[in-house]
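Trainee: Could you take me through one part of this structure up close, and then show me how the rest sits around it? I'd like one connected walk rather than a list.

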Amino acid sequence: AQIRAGVELALLNARRADVQLAYFDTRAGTTAEQAALAAQEAEVDIILGPLFTAATQKAYPILAEAEIPMLLLGNNQALASPSSWVLGATPEQQLES
């Protein structure tokens, strides 16, 4: 709920009427494939998430095939690819700051 509120606040502050948010709940991976297919059907431009590794691993093949990039909210660097970028700080990065 906090991530969703933060995204909505950022969009409100950006004052961009041409940007729409759509939510597809992966339920920590249990419905990740269905969420990815729904996002593909909705013709989204980019995915913000998933948060958990299991959800990313299940959604990635569907979204990669559809050429829908992901901004991943977790910190698992092993999930990074040309079409998915990891935004979360790794434990090592957190120790450095």
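Mentor: Sure, let's start with helix H2, residues 32-41, where the buried residues are Ala32, Ala35, Ala36 and Ala39. Those four cover an arc of only 100° around the axis, so they sit on the same side of H2. The spacing is the usual helix story: an α-helix has 3.6 residues a turn, so residues three or four places apart point the same way. And what does that buried set of H2 pack against? Its partners are strand E1 (47-48) and helix H3. Before we leave the helix, look just past its end: right after H2, Glu43 has a positive phi of about 60°.

Bear in mind that this is a predicted model, so everything here is read off predicted coordinates.

Now go back along the chain to the loop between helix H1 (2-14) and H2, which is where you'll find Thr26. Thr26 has a relative accessible area of 15%, and since the cut-off for buried is under 20%, it counts as buried. Setting aside neighbours within four places in sequence, Thr26 is in contact with Thr31, Ala32, Ala35, Pro50 and Ala55. Two names there should ring a bell: Ala32 and Ala35 are among the buried residues of H2.

Pro50 leads us onward, as it also turns up in the contacts of Thr56. Thr56 belongs to helix H3, and it is buried, with a relative accessible area of 3%. Leaving out residues up to four places away in sequence, Thr56 touches Met70, Leu72 and Leu79 as well as Pro50. Further along H3, which spans residues 53-65, comes Ala64. Ala64 is partly exposed, because its relative accessibility is 29%. If you want a feel for distance, take Ala64 and Ile3: they are 61 residues apart in sequence, and their C-alpha atoms are 24 Å apart in space.

Leu72 gives us another link, this time to Leu87. Leu87 is in the loop between strand E3 (84-86) and helix H4 (91-96). Apart from residues up to four places away in sequence, Leu87 touches Leu48, Leu71, Leu72, Leu73 and Gly74. Leu48 falls in E1, the strand at residues 47-48 that the buried residues of H2 pack against. Leu87 and Asn76 are 11 residues apart along the chain, with 9.3 Å between their C-alpha atoms.

Now zoom out. The protein has 4 helices and 3 strands, and along the sequence they run α-α-β-α-β-β-α. The radius of gyration is 14 Å, which agrees with the value near 13 Å for a compact globule of 97 residues. Along the principal axes, the C-alpha atoms fill a box of roughly 40 × 35 × 25 Å. Of the 97 residues, 27% count as buried, and you've now met several of them, including Thr26 and Thr56. Take the contacts between residues at least 6 apart in sequence: 29% of them join residues at least 24 apart.

As for the outside, the protein exposes about 6,800 Å², with carbon and sulfur atoms supplying 54% of that. There are 5 positive and 11 negative side chains, and the centres of the two sets lie 10 Å apart.

Notes: Residues numbered from 1 in each chain as written. Predicted model: local features only at pLDDT ≥ 70, side-chain atom pairs only at ≥ 80, totals over all residues. Heavy atoms only, no water. Buried < 20%, exposed > 50% of the residue type's maximum accessible area, 1.4 Å probe, protein only. Rg over C-alpha atoms; globule rule 2.2 N^0.38 Å. Contact = heavy atoms within 4.5 Å. Areas by Shrake-Rupley, 256 points an atom, 1.4 Å probe, with all protein chains shown as cover. Lys, Arg positive; Asp, Glu negative; His and termini not counted. Charge placed at Lys NZ, Arg CZ, Asp CG, Glu CD. Arc of directions from axis to C-beta.
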